[in-house]
Amino acid sequence: MKQPLPQPAVEAAQRFPAVFQDDGAYASPLGAAWASGRVNIIGEHTDYNEGLVLPAAVSRVVAFAGRRRNDLNVRLWSEQFQESGQFTLEGLPENFAQQRDAAPKWVRYVMGVASELIRAGIELCGFDAVVTGDVPLGGGMSSSSALVVASAQAYALFSDGKFTIGTEHAKLTPMQLADLCAESERRSAGLNGGILDQAASCLGQPGKAVLIDCRSLDYRYIPFDAPDLSIVVIDTNKRRELTNSGYNDRTRECREAWQTIKALMLKHEPENPAGAAISSLRDVTPEIFAKYQHELPEVQRKRAGYVIAENERVLQVVALLEKGDHVGVGQLLWEGHAGLRDEYEVSCKELDVAVEIARSVPGVLGARMMGGGFGGCTINIVRNEAVEALREAIEQHYEPQTGLRAGFDICNTVGGPGYTFLA
Ligand code: GAF
């Protein structure tokens, strides 16, 4: 079915002839593929702890426009990086590490997806494409996951119908694709991330958030379409790469925390089967945590305390959304931010300033840092009539406190990824 083209796909298609003109035969691109970035309403740093998340895909996309080749080469031009890159599908996944280390970072993501698709037994074709997008790079809306999910769509588009995504008879369901994309990102970037970003991009539906159990990979849609409210994303413009941040330390600290709690339980109540069954923080109930928290080293106590409370907040937010209680939802966003700042320690001055400015504006129901942290953006749930007041407050107060100019974006929830022929 022909789908409407997002603007970056239109731009990539327009650029294609000029970029690949030296190949003469190429007048125009054959097709376009795209995927969205995401917001995460609540459930931060819970995914790699096998917990709960509540994201939504939003109207910021990464897009490819290009043409299938008759060989196994993939040749790319990034409008955002003004850089080309290429690799061969031949020898993947075995020669992935070798090819990856010689490629620009953004190309590694596209290569990583190919590597995982081939590992899954899917036959791919080479292609030439222009890549562009409007998901802020390193801005906390998951530009990298939009890139990997869009890459998978591009392989599907250009692979002559050899594999399909998301249809009734598809080789890959959207959640299987998300899982594959998450693994490809881990291998491409060396970040021990979870499935939040890729699943949000793969499962998007307009007007809906999606509650995902990151252990079972079950999910269900939750209405998120109050006409009197806006989702505002404030980009602090504090850039960071999660691979060079404390992100992987947090995954390690969480593992150490559940291992300590498990050891304590096995020691003090060996007859309790709940102790032996602990294999992630997901298995540590608030009751177990209350009993053993005082015996944990401080860092483990703080990390585990945050994750356990955040899983509870996800369930509370879902219940409040189902009742239409957005004031209650907002309150839990403020609380989530405090936990990320004080216990999980992944916030930074710029994120805290943006959240505090938002707190001072009547009609902002809630705000918190979003994504991995250490920079990036905040999500704000705002009454429509307060959106301009929030914009003015950020314009007036953010730069003097941080030396940076903030971005301001009103986001709409959208459907999942797609591809289409352009002829
Ligand atoms: C980053 C990661 F990629 C996600 O998997 C998730 O852990 C998130 O940080 C924090 O919730 O976006």
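In the predicted model, Ala182 has 23 C-beta neighbours inside 10 Å and therefore counts as buried. This alanine belongs to helix α5, which spans residues 174-189. Leaving aside residues up to four places away in sequence, Ala182 touches Gly193, Gly194, Ile195 and Gln198. For one of these contacts, Gly193, the separation along the chain is 11 residues, and the C-alpha atoms of Ala182 and Gly193 are 7.5 Å apart.

Gly193 and Gly194 also belong to the surroundings of the ligand. The other residues of this shell are Glu44, His45, Asp47, Tyr48, Ser142, Leu196, Asp197, Gly371 and Gly372. Divided by class, the shell contains 6 polar, 3 charged and 2 nonpolar residues.

The protein chain is divided into domain 1, made up of residues 5-223 and 412-419, and domain 2, residues 231-409. Taken over C-alpha atoms, the centres of domain 1 and domain 2 lie 27 Å apart. At the contact between them, 29 residues of domain 1 meet 38 residues of domain 2. On the domain 1 side, the elements that give two or more residues are β1 (31-42), β2 (52-68) and β7 (219-223). Of these, β1 provides the largest share, with 4 residues. The domain 1 side of the contact consists of 14 nonpolar, 12 polar and 3 charged residues.

The largest nonpolar core comprises 127 residues, and Ala63 and Ala150 have the most contacts inside it. Both domains take part in this core, each with at least three residues. Ala150 touches Ala63 as well as Ala33, Trp34, Ala35, Val62, Phe64 and Pro417, when residues up to four places away in sequence are not counted.

Three annotated regions are listed by UniProt in an unreviewed entry. The feature "domain: Galactokinase N-terminal" is listed there at residues 29-68. In the model, this stretch is 72% strand and 0% helix, and its end C-alpha atoms are 9 Å apart. For "domain: GHMP kinase N-terminal", the UniProt record (unreviewed entry) gives residues 109-205. Over residues 109-205 the chain is 53% helix and 7% strand, with 24 Å between the end C-alpha atoms. The feature "domain: GHMP kinase C-terminal" is placed by UniProt (unreviewed entry) at residues 319-399. Residues 319-399 are 57% helix and 17% strand, and the C-alpha atoms at the two ends are separated by 37 Å.

Helix α12 covers residues 349-359, and its buried residues are Glu350, Leu351, Val353, Ala354, Val355, Ile357 and Ala358. These buried residues of α12 pack against three strands and two helices, namely β8 (229-235), β9 (364-370), β10 (377-383), α11 (326-342) and α13 (387-402). In the loop between β9 and β10 lies Phe374. Phe374 is not a glycine, yet has a positive phi of about 65 degrees. Because 22 C-beta neighbours lie inside 10 Å, Phe374 counts as buried.

A positive phi is also found at Leu217, where the value is near 65 degrees in a residue other than glycine. Leu217 is located in the loop between β6 (208-213) and β7. With 14 C-beta neighbours inside 10 Å, Leu217 is partly exposed. A further backbone feature is the cis peptide bond from Leu92 to Pro93, with omega near 5 degrees. Pro93 is placed in the loop between β4 (83-88) and α2 (96-101).

Leu264 is part of helix α7, residues 247-268. Leu264 has 16 C-beta neighbours inside 10 Å and so counts as partly exposed. Apart from residues up to four places away in sequence, Leu264 touches Tyr292 and Glu295. The C-alpha atom of Leu264 is separated by 42 Å from that of Asp235, and the two residues are 29 positions apart along the chain.

Methods: Residues are numbered from 1 along each chain as its sequence is written. This is a predicted model: local features need pLDDT of at least 70, side-chain atom pairs count only at pLDDT 80 or more; totals for chains, interfaces and linings use all residues. UniProt positions are given in the numbering used here, feature names are shortened, and annotations may be inferred rather than shown by experiment. Domain bounds come from an automatic or database domain assignment. Two residues are in contact if their C-beta atoms, placed from the backbone, lie within 7 Å. Ala, Val, Leu, Ile, Met, Phe, Trp, Tyr, Cys and Pro count as nonpolar, Asp, Glu, Lys and Arg as charged, and the others, Gly among them, as polar. A residue is near a molecule or strand if its C-beta atom, placed from the backbone, lies within 6 Å of it. A nonpolar core is a set of buried Ala, Val, Leu, Ile, Met, Phe, Trp, Tyr and Cys residues joined through C-beta atoms within 7 Å. A residue is buried if 20 or more other C-beta atoms lie within 10 Å of its own, exposed if 12 or fewer, and partly exposed in between; C-beta atoms are placed from the backbone.
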